[in-house]
Amino acid sequence: MTQLTTLPEAWGRSHLPSKVVLAVTQKPESGYNLITLEWFTRTSIHPPMFAISIGHSRFSHDCLEAHRYFNLVFPSLEMKALLSLCGSASGRDTDKFETGKVASFPGKLHKLPILSEAVANFECELITQVRSGDHNIYVGEVKYSWLNEEKELFFYK
Ligand SMILES: Cc1cc2nc3c(=O)[nH]c(=O)nc-3n(C[C@H](O)[C@H](O)[C@H](O)COP(=O)(O)O)c2cc1C
């Protein structure tokens with residue numbers, strides 16, 4: 001029987017399994033940050049675009065306000081521990097690249113790191129943004145795409 005309930009209860013029972021991604025951003029001063037994201041989607045075919053929703057309290061929000069680029073990373077099975085780290089620690093006090101021993105090389109666009117262990121990396125330039133309650137939706141145009149065909153995609157359960 002369908003019953004009226006709270007959002008957390010209905011959402012908690014209905015959103016998993018889901019795809020999760022990482023977004024790489026550049027810190028306002030120097031270095032790079034990583035955040036685990038469930039709230040993302042493709043929004044345009046021509047030009048190709050992705051939108052990501054970032055809470056105002058996240059360090060990644062400060063990073064995106066300072067540098068208008070992000071790299072959207074589709075993780076492989078081997079990256080489960082990194083997704084936990086990047087979804088719990090803040091870049092304000094943790095260097096997630098160092099703690100997570102992340103293997104990477106410079107991308108082509110803004111030279112943000114490309115994660116070698118990932119299935120896919122999409123280098124994006126921020127085009128527009130909109131406030132959505134306590135989050136900002138950042139829309140980025142994909143400039144370069146990378147694929148590692150040896151890797152299998154991770155799903156969050
Ligand atoms: C599975 C999972 C999905 C998440 N999805 C989002 C999201 O879509 N947007 C968001 O702002 N935070 C999301 N978070 C929370 C951030 O990843 C978390 O607060 C992180 O520590 C923020 O890092 P930062 O302060 O370095 O930006 C998610 C966390 C987990 C574990």
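**Exercise 1. Which residues come nearest to the ligand, of the 22 around it?**

Solution. The structure is a predicted model, in which local features need pLDDT of at least 70 and side-chain atom pairs count only at pLDDT 80 or more, while totals for chains, interfaces and linings use all residues. Residues are numbered from 1 along each chain as its sequence is written, and side-chain values use heavy atoms, with hydrogens and water left out.

Step 1: a residue is near the ligand if one of its heavy atoms lies within 4 Å of it; of the 22 residues around the ligand, those that come nearest are Gly 55, Ser 60, Ala 89, Ser 90 and Gly 91.

Step 2: turn to polar contacts, where a pair of N or O atoms must lie within 3.5 Å. A ligand oxygen atom is 2.9 Å from a polar backbone atom of Trp 39, a ligand nitrogen atom is 2.9 Å from a polar backbone atom of Ser 53, and a polar side-chain atom of Ser 90 lies 2.8 Å from an oxygen atom of the ligand.

Step 3: on its own the ligand has 650 Å² of accessible area (Shrake-Rupley method, 1.4 Å probe), and the protein covers 86% of that area.

**Exercise 2. Trace the strand order of the open sheet and locate its edges.**

Solution. Step 1: strands are DSSP runs of E with at least two residues, helices runs of H or I with at least four, both numbered from the N terminus; two strands pair if DSSP finds at least two bridges between them.

Step 2: the 7 strands follow the order E3-E2-E6-E9-E10-E5-E4, with antiparallel pairing. The edges are strand E3 (32-37) and strand E4 (40-44), each of which pairs on one side only.

Step 3: as one pairing within this order, strand E2 (residues 21-26) joins strand E6 (residues 69-74) in the antiparallel sense over 3 bridges, and Leu 22 has Val 73 in E6 as its bridge partner.

**Exercise 3. Find the backbone features in the loops, starting with the cis peptide bonds.**

Solution. Step 1: the peptide bond from Leu 16 to Pro 17 is cis, with omega near -5 degrees, and Pro 17 is found in the loop between H1 and strand E1 (18-19). A cis bond also joins His 46 and Pro 47, with omega about -5 degrees; Pro 47 is found in the loop between E4 and strand E5 (49-55).

Step 2: Lys 101, although not a glycine, has a positive phi of about 45 degrees, and lies in the loop between helix H4 (96-99) and strand E7 (104-106).

Technical notes: Polar contact = N/O pair within 3.5 Å; in protein donor to acceptor, adjacent residues only side chain to side chain.
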